[in-house]
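Trainee: I would like to learn how to read a model like this one. Where should I begin?

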Amino acid sequence: IVAALAARVAAQPAPVAMPADPALAARIAAADPVAGEAAAAICLACHTIAADAATLVGPNLYDIVGAT
C-alpha cells in the first residue's frame, strides 16, 4: 500500500509558482477554471497546447506565456 501511495504522489504534477506580478497573481487566484476550459475549447479548434503536438491551422500554443 505504501509503495502504491508513493507512486501516486510521485505522479502528481509539481505545483506551479505564482507570478511575481501581484496583479496577475490575484487574477489567477480568482480565475474560474470551468470558464477557462470553455474559453480554451474555442482555441483548440485551430491550436494545440501540448509540448510535442503538431501545428494545426494555428500554431502550437504550448509554453507561450512569457515568450517574447
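Confidence and fold

Mentor: Begin with confidence, since this is a predicted model. In the chain, helix α1 (residues 2-11) has the lowest confidence, with a mean of 71, and α3 has the highest, at 89.

Trainee: What is the average pLDDT of the chain?

Mentor: The chain averages 82, and 87% of the residues score at least 70. Where pLDDT is low, the predicted coordinates should not be read in detail.

Trainee: How many helices and strands are there in the chain?

Mentor: The chain has 3 helices and 0 strands. Along the sequence the pattern reads α-α-α.

Trainee: What share of the residues counts as buried?

Mentor: Of the 68 residues, 4% count as buried. The exposed surface of the chain comes to about 5,800 Å², and carbon and sulfur atoms supply 70% of that area.

Trainee: Next, the cysteines. How many disulfides does the chain have?

Mentor: To read this feature, look at the distance between cysteine sulfur atoms; a disulfide requires a pair within 2.5 Å. By that rule the count is 0.

Trainee: Why does C43 have no bond to C46?

Mentor: The closest cysteine sulfur to that of C43 is in C46, and because it is 8.7 Å away, it is too far for a bond. Seen from the other side, C46 is in no disulfide either, with the sulfur of C43 as its nearest cysteine sulfur at 8.7 Å.

Trainee: Are these two cysteines buried or exposed?

Mentor: Neither label applies. C43 counts as partly exposed at 38% relative accessibility, and C46 also counts as partly exposed, at 31%.

Trainee: Where is T48 found, and is it buried or exposed?

Mentor: For burial, compare the relative accessible area with the cut-off, which is under 20% for buried. T48 is found in the segment after α3, and it counts as buried because its relative accessibility is 14%.

Trainee: Which residues is T48 in contact with, leaving aside its neighbours within four places in sequence?

Mentor: The residues in contact with T48 are A53, A54, L56, P59, N60, L61 and Y62. For A54 there is a polar detail as well: a polar atom of the T48 side chain lies 2.9 Å from the backbone oxygen of A54.

Trainee: What is there to read in the backbone of D63?

Mentor: Look at phi. D63 has a phi near 60 degrees, a positive value in a residue other than glycine. D63 is found in the segment after α3 (33-43), and it is exposed, with a relative accessible area of 63%.

Trainee: How far apart are D63 and A51 in space?

Mentor: Here the reading pairs a separation along the chain with a distance in space. D63 and A51 are 12 residues apart along the chain, and their C-alpha atoms are separated by 7.7 Å.

Trainee: And what are the corresponding values for I64 and I49?

Mentor: I64 and I49 are 15 residues apart in sequence, with 9.5 Å from C-alpha to C-alpha. I64 has its place in the segment after α3. With a relative accessible area of 45%, I64 is partly exposed.

How values were computed
Residues are numbered from 1 along each chain as its sequence is written. This is a predicted model: local features need pLDDT of at least 70, side-chain atom pairs count only at pLDDT 80 or more; totals for chains, interfaces and linings use all residues. Side-chain values use heavy atoms; hydrogens and water are left out. Helices (H or I, at least four residues) and strands (E, at least two) are DSSP runs, numbered from the N terminus. Buried means under 20% relative accessible area, exposed over 50%, partly exposed in between (1.4 Å probe, protein chains only). Accessible areas come from the Shrake-Rupley method with a 1.4 Å probe; for residues, only the protein chains shown count as cover. pLDDT is the predictor's confidence in each residue, from 0 to 100. A polar contact is a pair of N or O atoms within 3.5 Å; within protein, one must be able to donate a hydrogen and the other to accept it, and residues adjacent in sequence count only if both atoms are side-chain atoms. Contact means heavy atoms within 4.5 Å.
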